[in-house]
Structure formats: C-alpha cells, structure tokens
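Me: Please take a close look at the largest pocket of this model and describe what lines it. Then set out the strand pairing elsewhere in the chain.

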Amino acid sequence: MAAVPDPTGVAAGPTSASVDAGRDPAGVDAGRADAQGYAADWARAVRRLGFVPLSLAETERLLLVHTIRLAQAVRAEPFSVRPAEEVGRALVEAHLTEPQALEWTLHALGAAFGRRVLGDGGRPPDFADRIAAVQGGLAAGFARALRDRTFSQQERIARSAWQARDEVEQALRESEARFRAVFTGAATGIGIAGVDGRIIDVNQAFADMLGYSIEELREINVAALFHADDAAGMWELYQELIEGKHDAARVEKRYHRKDGTVVWTDLAVSLIRHEGRPRFTVAMIEDITERYELQQRLRFQALHDPLTGLPNRTLFFETLGRVLDTAAVGQRVGVCFLDLDGFKAINDSLGHDLGDRLLVMIGRRLAACVADHGHLVARMGGDEFVILVDGEDDADDPVAVAEAALAAVAAPVHVGEHQLAVSASVGIVQCPASETTASELMKAADTTLYWAKAAGRGRWAVYDPERGARDIARSALVAGLPAALDRGEFVLHYQPIVSLLEGKMLAVEALVRWEHPELGLIGPDRFIGLAEETGLIVRLGEWVLRRACADAERWWREFPGARLVVSVNLAARQADDPAIVDTVADALRTSGLPAELLQLELTESAVMGSAGEPLRSLHRLAALGVRLAVDDFGTGYSNLAYLRRLPIHCLKLAGPFVEGIRADGADGVDVAADHRDERIVDALVRLAHALELWVTAEAVETGVQAERLRALRCDTGQGRYFGAPAPADAITARLSDGG
C-alpha cells in the first residue's frame, strides 16, 4: 500500500502484520509511532465486526485520515473535542455503524492510541484527560449522526412507503432493511404506534428505557405510559398530531417505568401519512433523567439561599417582575424590607456558626408568619429579608404584615445554650403596580429601612415620597462632592470679626460655599455634614486652609499695618487626622503667611478628643505659632479644668447666648429671660478673661447687642451687624477703606 504523508509529524511506519483484526491494540510494542499500522488494524476490526460498503484498501485509507485527525486533535493547542465529534459523524456517514465496531474504536483509543500513533515523546501532559474527552466526543458525534440519519431514513420511508406497488417493492425491501438495521441497533429508543395509540413496535433501546419487554409494550396503549401530572397536556398534543394538525412535535416529558419510577425523556414524534391521511406515529426518545435532575438541582441552588432554603434575591426579583407585569388594573403591590438589629454584634460575640443558626430560625419564623396568605419571603443576603405583598384584602396590608414579622422576630430565640432577644427594623413600600418598577420599589424599600433604623430598634417605617425626594437630592450632593472639589467649584467667603471697643476689623472667618452648576451658590449647612459623613471633609478642609492662607498672605503683603488674622474652622475628623500639624505647617510655608495671622477654630468636642481627653495635636499646633480658638463655646463639654491647661487663645461664644440679648420689652421679648442670657454672657466673658483668653461673640445682629456686649467687656464681635460673609475682593475693598 502506498505511503501516506503524515501531517501530524509522527512517523508513518509500515502496516503492522503482527496485529490482526481481533487482537487488543494494547498488545502492540510500545515506543513505535505507527499511524498507518493503527489504521490498518482499525480497518480489519471494522470489517470483521460488521458490514462495510468499502474495500479493505478504501477502508484503510479512510481510517488513516481519521487516525491523523484524532492525533492532531489530541496534540492541538488549544485542545478541542470537535474534531473527534466530526470523526464520529464521518464514521456514520461512511456506514460504519455497527455498535461493536464503535466499542472496538473507543477501546483502542484508550488502550493503544498514545503508544502507537503519538509515540513516547508526542503525548501532552494531560494526555489521559484528552483521550477520555476524545472518546466522549467521538461517541457523541457518532450517536448524533446516527440519530440524524435515523430521522433522515424515517422521512425517506415516509415519502416512499405508499408509492405505486410495482415501483416500490424493491425500494421498500431495501429501505425496510436499512430501517430495520437502524431501528434494531440504534441507541436511541424508537417506537411506532397507530393513530389509535396502540403500540405496533419498539426497538430494544425503547424497551430497556421503560423497563418492559418488547412483547409487553406491543400490548400497551401510548396513553398508559403518560405521567399523571402531564397526561392531559400530552394527550391533547397527541390528539392534534394524529388529527393531522401537526406533522411533528418535540417535548421533554416524563414516562412511568414498569417498576413505577419516572424517566425524563427528550421525545420527538413524527406523523406518517398515507394518501394524505394520518396512519402511524414514529417516536424517538432519549433518556435525559440525569441531565434533567442536574438542571433542577442547579436551578434550585441558583434561586434559593443555601443557608435558610428561602428564595434568594434572584428568585425574588423574578417573582416581583412577574407580579408587576401581570398585575390587574389598580392592583397594588408592596414589599416589607427587614433587617435584624445588631446582628453583627451577635456574630462577633457568639460566632458566625451561631449567627447562621439564628438566621435559619428567623427565616423559618418569617415564612411561617405569612404562610396563610401565600406571601413570598426571600433572603436578600446577610441579615436582610424581604416579604412580597401583592394581595388585595385587609390581611395583605403591608403594615399588618410588617407588624406580624416584627412580632415573630421579637419572640425569644433559643440557639444552643443561648437565649437571644432579637429585634428588626422594617421598611414598607406600597404603590400601584402600574406606577413602579422592581428596581424603584426596592430602592424605596431600602431607603425606608434606613429611616426605620434611624428611629430606633424594632420599628417599621412607611415610604414618604417627599422625604425620599429630599434624600435623593442629598445623595446627589454626596455623589457630586468629590468631582466638585476636583473641578474647583468651591469658593471662600469671609465674615469680618470686629473689635467691639474700636470698631476696627481685626480678623475674618473663612466660610466655604459651593458654586453648584445647577443649584447655584450652596451654603455650608447643606454639604459640610455630608462631607464629614463621607470623609471628604479632610480634603475639603485642607483646600479651605490653603486657600485662606493664600488670601490672608495677600492682605498681609498689601496691608501690613492691618495685621488681619484669618480664622479657619477645623472639623473634628480633620482635627483627629494625624497629619493635621504637617498640613498646617505646609500651608503656612507654601503661602508665606506668618503663623500668628492664622487662627484655627475647633469645636469643644474636637478639642476634648474622641475619648474626653485633650486633643494631642493642640500643643504641636500652638508650637507652630498659630492661634487656637474654641468655637460655639458653651454648647459642648465646657470643661474649664481642661481649658485651663490647653494652649487656647480665644473663646467664641455660641450664637444662642448672644441672640438672647435684645432690647428690653421690644417686640414682646421676655425681659427676665433676656436678663438671664445677659448674665450668662457676662459670666462667660469674666471666666474667659480670668483664663487670659480673648472672647468673640458670634451672631451679633443688632446695634443693641453690640452695645451690650461692649458694656460686658467682650473683645470682638461677629455677625450680620458687622458684615455678612463676602468674597475676598470685598474684604480687600474694606481694608482699602481703612477697615
């Protein structure tokens, strides 16, 4: 036989005469790469085990090509089983369909293919896995091609069965022989039934699948095999088929085995007509029980929480979406979003195992408390649960459902040796189904849950659209803060601090404003708190400090005689920053501002520190030469023993004390209360002066207040009476006019 080029790069040696068609390929000497010899042995085995419509030489040439394709597939990078599937299909297309020949082929692949075809050095590291995959791919391709050919043969039989008698007899015998070969040897179950449902014939694979003998099945009507749960639908489909409404149908369905167990099948049914009238049905079934059960397990795992067994967020959103899509006109839908209070403390103190057991018990209680109404309870993750309320009667009121859920959670819980008292917070949202979406509903529920938590433990709250709109606006400001700082949207305004004795401007307080591109100029009351919550206050505060130092240096350079001090607020979080001293020092060095012209204002809580101790950085800040002031004095700790030992230079009296000083009897003012406020201010000023501290009164709005504060020997005043906060240019103009 002529030598065939070897595209795999392995040696194609002579045909091995030592291996006959029946010998196990594993018996061939190892170490020889002999693709042609392997193909020759394969060809002899195929011819010995069944009918082959090719000569031996043709068979050898064909199988040598397939041997080389399989070798290439095993060694290919990346590896793919597709060539093996194509080889399996090619075997069927060449009519090499004898099951024993397929068995020999698969065995030879595992036993001798590597040694004979690839040789000792041609095997990839994962050779065993690849050979197994190639065996599976070849078998799969063979099976699919065989089934496809069965369908093709079936159609060919249907077209030719009822042709003229004198033209069809020979073709019928040939076709019947081919069909019988396929029918008998096919691994797929094949059954033929009359239009009355009586089974005419089945192959052995069909009988084995259902646990009957072929003779027993020939005595059974098709309807008797239908599963009880889908019998009605299947009989209707079968009726439409035999009535000629459909020519074919394909479904996944269950059948009863003889022993009562259930088998899931992939069923394809075709209608065979004679002279236009339905005569037979041909069914092909494949056992997919393992695949179906695996799919069901995977679907359950994908849609249920593995800890509690409750539906998870995926299934909840699927159900909620379906409810919203199918809701009747005017139907309302609601959710109760529940979160356990203090669950993290339980996890941290008693362990995650006990926490998990607690979650399981809470999940069971929640499911039980709404079971009578059929509400869906799902675990959203962590210690969050949600109840879907989509009914119409009074029992389906979300508030009632929430109260029942809170009561169920609040009952004492025994977990192991521990008795736990658990509470929860619930956010409630209900609205017409046509006016919302799943994401909007859950976003509102999440917002409302935080409202409930903010109000205290064991509470529920109902969504308020107006409050929600305010929260959305607040969230928009939070989201826009970092970018606003990067884009330079913040500006400083300065409010004069004036000597009450001389009326001269001695200092200014730097107050930050946000020039929002859509909302205009925004005051600090709307965003400083947000900056503190998000931690951006440290970056923003540093920007304010550096900008104020730069402006103050320009005033000092242009008006050196004014010695104008700039006062900058430090937030508590900013003051606690370990780098605050270095930041202040760098701001002074970069701007060139003398340290004595910078005053830092801190609240009493910031001065005292987070644990009631004086802030450690205060002495280091004072050592730089900057002035330190306590802002809003009288509203915090007011711990004078600490103040006596701290390097504080100034106390700024809180606005409410100053606001209480009014003209006697004016506008119905309580004179007694007015005198009490004045005595308090007098005492605070005397006390501050005793500690050798400068005193600034905030919120001075009228001349009467300024005059009284002057009489009380208060040093400086700040407020609308002396000037509203203004841009730096306005301060420059005031300095130009003499202050």
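Reply: The model is predicted. Six elements each supply at least two residues of the lining of the largest pocket: the strands β14 (505–516), β17 (598–603) and β18 (627–633), and the helices α18 (528–534), α19 (537–558) and α20 (572–575). Of the elements that contribute, β14 gives the most, with five residues. In total the lining of the largest pocket counts 32 residues. Those that lie nearest the centre of the pocket are Glu509, Leu511, Pro524, Asn569 and Asp631. Sorted by class, the lining holds 14 nonpolar, eight polar and 10 charged residues. The volume of this largest pocket comes to about 870 Å³. As background, rolling a probe the size of a water molecule over the atoms shows where empty space is left.

The strand pairing comes next. In general, strands of a sheet pair through backbone hydrogen bonds, in either a parallel or an antiparallel sense.

One open sheet is built from five strands, in the order β7-β8-β6-β11-β12, and its pairing is mixed. At its edges are β7 (376–381) and β12 (460–462), each of which pairs on one side only. From one strand to the next, the twist averages 20 degrees. The edge strand β12 runs parallel to β11 (residues 424–432), and three bridges join the two. Within this pair, Gly427 is found opposite Ala461 of β12. Helix α16 (residues 438–455) packs on the sheet. The strands that α16 touches are β6 (332–340), β7, β8 (384–389), β11 and β12. The direction of α16 makes about 140 degrees with that of β11.

Further along the chain, β19 (residues 650–653) pairs with β20 (residues 694–697) in the parallel sense, over four bridges. Here Leu653 has Ala697 of β20 as its bridge partner. Strand β20 also pairs with β21 (residues 716–717), again in the parallel sense, over two bridges. In that pairing, Ala697 stands opposite Gly717 of β21. Ala697 is thus placed in both pairings, across from Leu653 and across from Gly717. Helix α27 (residues 703–711) joins with β20 and β21 to make a β-α-β unit, which is right-handed.

How values were computed. Residues numbered from 1 in each chain as written. Predicted model: local features only at pLDDT ≥ 70, side-chain atom pairs only at ≥ 80, totals over all residues. Heavy atoms only, no water. 1 Å grid on protein atoms, 1.4 Å probe; cavity = no way out; pocket = protein on both sides within 12 Å on 5 of 7 lines; lining within 4 Å. Points joined across faces, edges and corners; volume = space filled by probe spheres on them. Nonpolar A, V, L, I, M, F, W, Y, C, P; charged D, E, K, R; others polar. Pairing = 2+ DSSP bridges. Axes fitted to C-alpha atoms, helices over the stretch in contact; angles between N-to-C directions. Contact = heavy atoms within 4.5 Å. Right-handed = clockwise from strand over helix to strand, strands pointing away.
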